[in-house]
Amino acid sequence: MTRQPIHKSPFAIRNLIRPDVVRMESYTPVKPFEVLSAELGRAPDSIIKLDANENPYGPSPRVAETLSRFPWYHIYPDPQQNELRDALAVYTGVPADYILPGHGADELLDYLCRLFLTPDDAIINCPPTFGMYSFDALLSGGRVIDVWRDEDFRLDVEGIEKAVARASGRTPLLFITSPNNPDGSLIPHDILRRLLELPLIVVVDEAYIEFADGEGSVAGWVPETPNLVVLRTFSKWAGLAGLRLGYGIFPLEIIQHLWKFKQPYNVNVAATAAGLASLQDLPFLQERVTALKTERDRLFRELQKISYLAPLPSQANFVLCRVRGRAAKDLHSELAGQGILVRYYDKPGLQNCIRISAGILEQTEQLLENLKKL
Ligand SMILES: *Cc1c(COP(=O)(O)O)cnc(C)c1O
C-alpha cells in the first residue's frame with residue numbers, strides 16, 4: 001500500500017536533517033520474540049533462546065512481588081535515584097557520589113559520547129567487540145578509530161598507543177569490554193593500568209563481570225583514577241534486560257557534568273524497584289549466576305567434543321565458537337528450525353562463528369543433542 005503525502009513540502013526535509021545522520025545506514029532491529037515464535041511455528045516457551053545473553057532464569061521472584069505491590073506508578077521517579085544509588089554503593093563498594101544509574105548501560109554509553117565528542121573527535125574502539133560504542137560515537141557526530149584485537153581477542157596495546165599518538169584530531173574516549181562480548185575474555189589488570197596512562201578516558205564495560213573469575217571488577221579503582229569509567233548492568237546477571245537498568249561508576253569530575261546532562265527521569269520507577277528488589281535478594285541471584293557459570297563451563301567442554309566446532313574459553317555467560325567446514329549461517333538456521341536460537345557472525349574478525357548463551361541444563365542438553373545430529 002502506498003500512501004500519498006498530505007502536504008508536499010516546498011523544500012527537501014532531508015536537507016534539514018543532520019547530513020551525517022542522513023548518510024548513516026539504517027539500524028536492523030532484532031525481531032521481537034513473539035514474531036519470531038510465530039515464524040518458527042512454536043510457542044514462545046518452547047523456544048530455547050540462547051542468542052542474546054539473557055538470563056534464562058529471569059529475575060528474582062521478589063521483582064514480580066515488589067512490582068505487583070508498588071503503589072507509586074503515577075508519581076514521577078526521583079531524578080537523583082538516591083535509594084538505588086545507596087544500594088549500589090553497598091553492592092559495588094564505591095560511594096554513591098560516584099554512581100549514576102541509566103536506562104540500561106546503553107544509555108550511559110550515549111551520554112558519554114555526547115559529553116566528550118565534538119564533531120570529528122574519534123573514539124578508540126577495539127573490535128571484535130560490542131557494537132554500541134561505534135554506533136553511539138557516530139550518532140554523536142564523532143568518528144571511530146578501530147584498533148583490532150588479535151586472533152585470540154587480545155587487545156593490541158601498542159596499536160592503541162600508536163593510534164592515540166597518530167590521530168589527527170582529539171581522541172577523548174577508549175572503550176574496552178571486560179569480559180569482552182562476543183568471546184568472553186577478560187582484560188588483565190596490568191594491561192588496563194598501562195592503558196590508563198594514556199591521555200584519555202578509559203571506559204571499561206563490565207556488563208558480564210558477575211560471571212567472571214579472576215582479578216574481578218575495577219569499579220573500586222574509580223575514586224583514585226581520574227580517567228577511568230566503569231559501566232555495569234542488571235540485564236545479564238540479574239535477569240532484568242527487558243526493564244532496562246544499568247549504571248556507571250564515574251570520577252567526580254566527570255559525573256558532575258553528567259548530572260547536568262542526563263534526562264531527569266531517565267530511569268523509571270519499575271526498573272528502580274526491580275533493581276532494589278534484586279539487590280535485596282543477592283544470595284539467591286548469586287546462586288543462579290554460579291549455576292550459569294557451571295553450565296557455561298560444561299557447555300564449553302561439550303562443544304570441544306564436536307568435531308566442527310572450536311569453542312573459546314569464556315568468563316562471561318556465553319561461549320563463542322569458530323565453525324569449521326560448514327557455514328555458521330546454515331548451522332544457525334538449522335538450529336532455529338529446531339526452536340533453538342543462537343547468534344551467528346560472519347564478518348571481519350568473526351568469520352564463520354556462533355555465540356551461544358549459557359542456558360539451564362535442559363536447554364544445553366537439547367542444543368548439544370541437535371549439534372551432534374547435524
Ligand atoms: C548487553 C550488553 C550491554 C547492555 O547493557 P544494558 O544495560 O542492557 O543496556 C552493555 N555492554 C555489553 C558488552 C553488553 O553485552
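A charge sits over a ring if NZ of Lys or CZ of Arg is within 6 Å of the ring centre and within 35 degrees of the ring normal. The model in these views is predicted, so local features need pLDDT of at least 70 and side-chain atom pairs count only at pLDDT 80 or more, while totals for chains, interfaces and linings use all residues. Residues are numbered from 1 along each chain as its sequence is written, and side-chain values use heavy atoms, with hydrogens and water left out.

**View 1. Charged ends sit over the rings of two Phe residues, Phe 318 and Phe 33.** Look for the charged end of Arg 355 over the ring of Phe 318, 5.6 Å from the ring centre. At Phe 33, the charged end of Lys 49 is placed over the ring, 6.0 Å from its centre.

**View 2. The ligand has 14 residues around it.** Those that come nearest are Asp 205, Tyr 208, Thr 233, Ser 235 and Lys 236; a residue is near a molecule or strand if one of its heavy atoms lies within 4 Å of it. Sorted by class, this shell holds five nonpolar, five polar and four charged residues. Here Ala, Val, Leu, Ile, Met, Phe, Trp, Tyr, Cys and Pro count as nonpolar, Asp, Glu, Lys and Arg as charged, and the others, Gly among them, as polar.

**View 3. Side chains of Asn 181, Thr 233 and Ser 235 meet oxygen atoms of the ligand.** An N or O atom in the side chain of Thr 233 is 2.5 Å from a ligand oxygen, and for Ser 235 the distance is 2.6 Å. A polar side-chain atom of Asn 181 lies 2.9 Å from an oxygen atom of the ligand. How much of the 390 Å² that the ligand exposes when taken alone does the protein bury? The protein buries 93% of that area, computed by the Shrake-Rupley method with a 1.4 Å probe.

**View 4. Tyr 111 and Phe 261 form an edge-to-face pair.** Rings of Phe, Tyr and Trp (its six-membered ring) pair if their centres lie within 6.5 Å; planes under 30 degrees apart count as stacked, over 60 as edge-to-face and the rest as tilted. By this rule there are nine aromatic pairs. In this one the centres are 6.0 Å apart and the planes stand at 75 degrees. Because Tyr 111 lies in helix H5 (residues 105-116) and Phe 261 in helix H9 (residues 252-261), the pair ties together parts that are 150 residues apart in sequence. Helices (H or I, at least four residues) and strands (E, at least two) are DSSP runs, numbered from the N terminus. Tyr 111 is buried at 2% relative accessibility, whereas Phe 261, at 30%, is partly exposed. Buried means under 20% relative accessible area, exposed over 50%, and partly exposed in between (1.4 Å probe, protein chains only).

**View 5. Tyr 208 and Phe 318 make another edge-to-face pair.** Their centres are 5.0 Å apart, with 85 degrees between the planes. Tyr 208 lies in the loop between strand S6 (201-205) and strand S7 (228-233) and Phe 318 in strand S10 (residues 318-323), so this pair ties together parts that are 110 residues apart in sequence. Both residues, Tyr 208 and Phe 318, are buried.

**View 6. Two cis peptide bonds lead into Pro 128 and Pro 179.** The bond from Pro 127 to Pro 128 has omega near -5 degrees, and Pro 128 lies in the loop between strand S3 (122-125) and helix H6 (132-139). From Ser 178 to Pro 179, omega is near -5 degrees.

Definitions and conventions:
Polar contact = N/O pair within 3.5 Å; in protein donor to acceptor, adjacent residues only side chain to side chain.
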